4 protein chains.
Amino acid sequence: MQMTKSESAPAPASARPSSEAPARAKIREAAAGLFCATGYEGTSVATIAGQAGVTKAAVFYHYGSKEQLFDEVLDGYYERQRELFTEAVAGEGDPRARMHRVVDVYFRYLVDNRRYLMLVISVLASDSPHSENIQKSVTPLVEWLRQEVAGAVPEEGPSSIEHLYVTVAGAINHYFSHARTLEDIFRGPMMSEEALAERAAHLHWLVDAIFARIATDADANAK
Amino acid sequence: MQMTKSESAPAPASARPSSEAPARAKIREAAAGLFCATGYEGTSVATIAGQAGVTKAAVFYHYGSKEQLFDEVLDGYYERQRELFTEAVAGEGDPRARMHRVVDVYFRYLVDNRRYLMLVISVLASDSPHSENIQKSVTPLVEWLRQEVAGAVPEEGPSSIEHLYVTVAGAINHYFSHARTLEDIFRGPMMSEEALAERAAHLHWLVDAIFARIATDADANAK
Amino acid sequence: MQMTKSESAPAPASARPSSEAPARAKIREAAAGLFCATGYEGTSVATIAGQAGVTKAAVFYHYGSKEQLFDEVLDGYYERQRELFTEAVAGEGDPRARMHRVVDVYFRYLVDNRRYLMLVISVLASDSPHSENIQKSVTPLVEWLRQEVAGAVPEEGPSSIEHLYVTVAGAINHYFSHARTLEDIFRGPMMSEEALAERAAHLHWLVDAIFARIATDADANAK
Amino acid sequence: MQMTKSESAPAPASARPSSEAPARAKIREAAAGLFCATGYEGTSVATIAGQAGVTKAAVFYHYGSKEQLFDEVLDGYYERQRELFTEAVAGEGDPRARMHRVVDVYFRYLVDNRRYLMLVISVLASDSPHSENIQKSVTPLVEWLRQEVAGAVPEEGPSSIEHLYVTVAGAINHYFSHARTLEDIFRGPMMSEEALAERAAHLHWLVDAIFARIATDADANAK
DNA sequence: TATGAATGAGTCTTCATTCAT
DNA sequence: CATGAATGAAGACTCATTCAT
């Protein structure tokens, strides 16, 4: 996996109290990178330890088990994501403007944490119990969205907020999760600033298209 | 990945006639299920053999290696997908109608082969060389789409066919790939016929919204 | 632990069908020796494999786990023991004579399988679930004894068959189980043929003393 | 086993005054319980520390090594046992009466310290050097017994004091050491006061049976 | 006086793969 | 055609022990 952005920079997602033992942080960062690149099963504790520059035993000393280490890596991802969404929500504006802001936040987050997306995806692909962990983050977001657009979006049916969420989230994710298979189609690098800006523009365009359509539907119903 | 086919292998990898040794088929089916459920690394040859009711050695006798078996499973998925798209393409109608048809075909395909989607996803999540395999299937589809909607869709920019493809594909996939995390949001089972029908309706609604917006854009540009 | 008797001779307890894979037998014999000498926890699979002249993986191939291997070793011990007792029971004579015969059989068995006694003891010392295994062998023996001496021994109270069994079994076992701490007291080797003969004579003397006392008690009661 | 006492150890191994650091005592007590329940190999320093509510490092600080801790636990057992026997010996009466007293003392001791018996047994079962430690306690006891019953018991042969000691010790021990396998045979709990009283009565009955037989033998010899 | 952090050696176990039969 | 037996390498994890602070 190629990282357009800095490889060694401590990922935002893993920012932790500075009082943390340095070895602990090094282990988590190494683990994050490896879990994202090769998945849970594909990553061995020995490799993590090697990458972190500590002994295998140190990994177990600090995290107890491979599974717990994985959990903490995953938690860090969602913790940061929740923080960002909370900030994004704080602002003002009509539903469409808020939707744009949420889309931007999530899009930017994925730009910086593309590798984590792979982690999430690999968790969902296997039927591991970690997916509950992920669910805990998704549900509140959609519930919040439901409130934000209440009135502007039908409560039920094919254009309800659930469907819109899935569609927009899919639209954002897919660009990153399937990047490797799309390189031929998008001529030029998909992670360049220009390409990313264009994709962001598309997402705004998409949100507008959706809201326009909802408005049209409402008009038709009103008649 | 090199396919150093063992000399004594009983059948060419790509031919899968009904005369195929029954053990071979049973192994491939068991492998498909297990690879989808627990990924490549998470599935052991012993488990596959057990599920297929054959010995471990038989797996190697028929498929040479775990990798080759995996390749054949993956190939089978894309082979069928390609067949379906070819059929879907054959029909007539305006770009929007064709788009609806393609969406329907892919959607229905995922309904029947949801587990394979997980397989594809797990391949993409890890940086395994199998993703090339997947790319080979995606590129022709988009190129075909490009021709089909030529004229109706801008050639460049945020509403170009590449972006539309990613968005629609993402919208279709996400419903299935993230189903486990979305169950709370969609009250009731997501894979019931009603729920699937509603999702299909949403996808049509989405395609219409997109085409409507493109038309609006074209009008604005024309002025 | 010093073995007065042949060290390499296949122990009677491990006699198995000759169709058994030779490696399997070698592993079990090595395991038996080591488990007896150093206990379950104190014996590593690597050591067993080394002693048996096979690889570690072979041990798991043949026995699945360390625990299952241990079970089979233990089973072998009790299987043989049960066979011997069944033979001993078959004969005729009054209760005292039968008791003598059972004592002789068990005593001789311990002479040949002293190391197994250590195994049993180490199982009882830890609160492992293997002790159930042992119980299954003890209960039927006592029940049989109860029938054999019915009428000759009180059904209840301090001289009932349960107590006699415990006492005689303890008298037999202790000589072997505590041999290491008794060497100073018995001047000369405790496992020499003379020493063993003397101990056997003592056990007969003990049985006679017990039966004599039971007779005395019965006379006293009768009055 | 070498006792390379670490220079900074806070207290001599044998002195155990009430002024002892409370952590030290807590560690020893936790260790005693665990060693008895799961044996030396089966007990980890981490578990001991956890049970004692101290850190692993504290165990090493106070006891230097796992072996030394084990030694002290074992020493404590025999120290108390020696004290009890010394008291029991102090009284008067004929050999038979003294024998009864010694049996009672040892029996009562085991009732209170059953778990230690398991410890001793597990030591004997493995060929660890700790068994020398045990021997040091047994030899003096038998030598004292030899003097006490001098004249009343043959000096040699099957009814000599060595054999009687082994038999009686075995009779006492077996009830406790094999309790788990005997529960089916003794209906009702083996460690209830009634059951224990009955077992004690049996032991007295046994001693009487033995002395009666010795008297009979002496009469026969005298003739 | 006490401990948090660290570790090298070892634990049991699983793995994909080979090969004589 | 198929497999039982075997294995070297690697898997996650535990252990008693040390040491700077």
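**Figure 1. Polar contacts between chain C and chain D.** Between chain C and chain D there are 18 residue pairs in polar contact, with both residues at pLDDT 80 or more. The model shown here is predicted. Six helices of chain C each supply at least two residues of the side that touches chain D: helix 1 (22–42), helix 6 (114–125), helix 7 (130–148), helix 8 (161–177), helix 9 (179–182) and helix 10 (193–222). Helix 8 of chain C gives the most, with 13 residues. Sorted by class, this side of chain C has 26 nonpolar, 18 polar and 13 charged residues.

**Figure 2. The area buried between chain C and chain D.** How many residues does each chain bring to the contact? Chain C brings 57 residues, and chain D brings 57 residues. About 5200 Å² is buried between chain C and chain D. Carbon and sulfur atoms give 63% of that area. Look in chain C for Arg180(C), Ile185(C) and Trp205(C), which lose the most area to chain D. Together these three account for 13% of what the chain C side buries.

**Figure 3. A salt bridge between Arg187(C) and Glu143(D).** Two salt bridges are found across the interface of chain C and chain D. One of them joins Arg187(C) to Glu143(D). The closest N and O atoms of this pair are 3.8 Å apart. That distance meets the rule because a salt bridge needs a side-chain nitrogen of Lys or Arg within 4 Å of a carboxyl oxygen of Asp or Glu.

**Figure 4. The interface of chain A and chain B.** Here 57 residues of chain A are in contact with 57 residues of chain B. The two chains bury about 5200 Å² between them. Of this area, 63% is on carbon and sulfur atoms. Which residues of chain A lose the most area to chain B? They are Arg180(A), Ile185(A) and Trp205(A), together 13% of what that side buries.

**Figure 5. Helices and polar links where chain A meets chain B.** Across this interface, 18 residue pairs are in polar contact, both at pLDDT 80 or more. Helices that give two or more residues to the chain A side include helix 1 (22–42), helix 7 (130–148) and helix 10 (193–222) of chain A. The largest share, 13 residues, comes from helix 8 of chain A. The chain A side divides into 26 nonpolar, 18 polar and 13 charged residues. There are also two salt bridges across the interface of chain A and chain B. In one of them, the side chains of Arg187(B) and Glu143(A) meet, at 3.8 Å from N to O.

**Figure 6. The protein surface near DNA strand E.** Around DNA strand E there are 27 residues. Those that come nearest are His62(A), Val45(B), Phe60(B), Lys66(B) and Phe60(C). Helix 3 (56–63) supplies at least two residues of this surface from each of chain A, chain B, chain C and chain D. By class, the surface has eleven nonpolar, ten polar and six charged residues.

**Figure 7. Phosphate oxygens of DNA strand E and their protein partners.** Of the strand E atoms within 4 Å of the protein, 65% belong to sugar or phosphate, and the rest belong to bases. Three protein residues are picked out in this view. In Tyr61(A), a side-chain N or O atom is 2.9 Å from a phosphate oxygen of strand E. In Lys66(B), a side-chain N or O atom is 2.8 Å from a phosphate oxygen. Backbone or side chain: which part of Val45(B) lies 2.8 Å from a phosphate oxygen? For Val45(B), a backbone N or O atom does so.

Definitions and conventions: Residues numbered from 1 in each chain as written. Chains lettered and ligands numbered in written order. Predicted model: local features only at pLDDT ≥ 70, side-chain atom pairs only at ≥ 80, totals over all residues. Heavy atoms only, no water. Contact = heavy atoms within 4.5 Å. Buried area = accessible area lost by both parts, 1.4 Å probe. Polar contact = N/O pair within 3.5 Å; in protein donor to acceptor, adjacent residues only side chain to side chain. Helix = DSSP H or I, 4+ residues; strand = E, 2+ residues; numbered from the N terminus. Nonpolar A, V, L, I, M, F, W, Y, C, P; charged D, E, K, R; others polar. Near = heavy atom within 4 Å.
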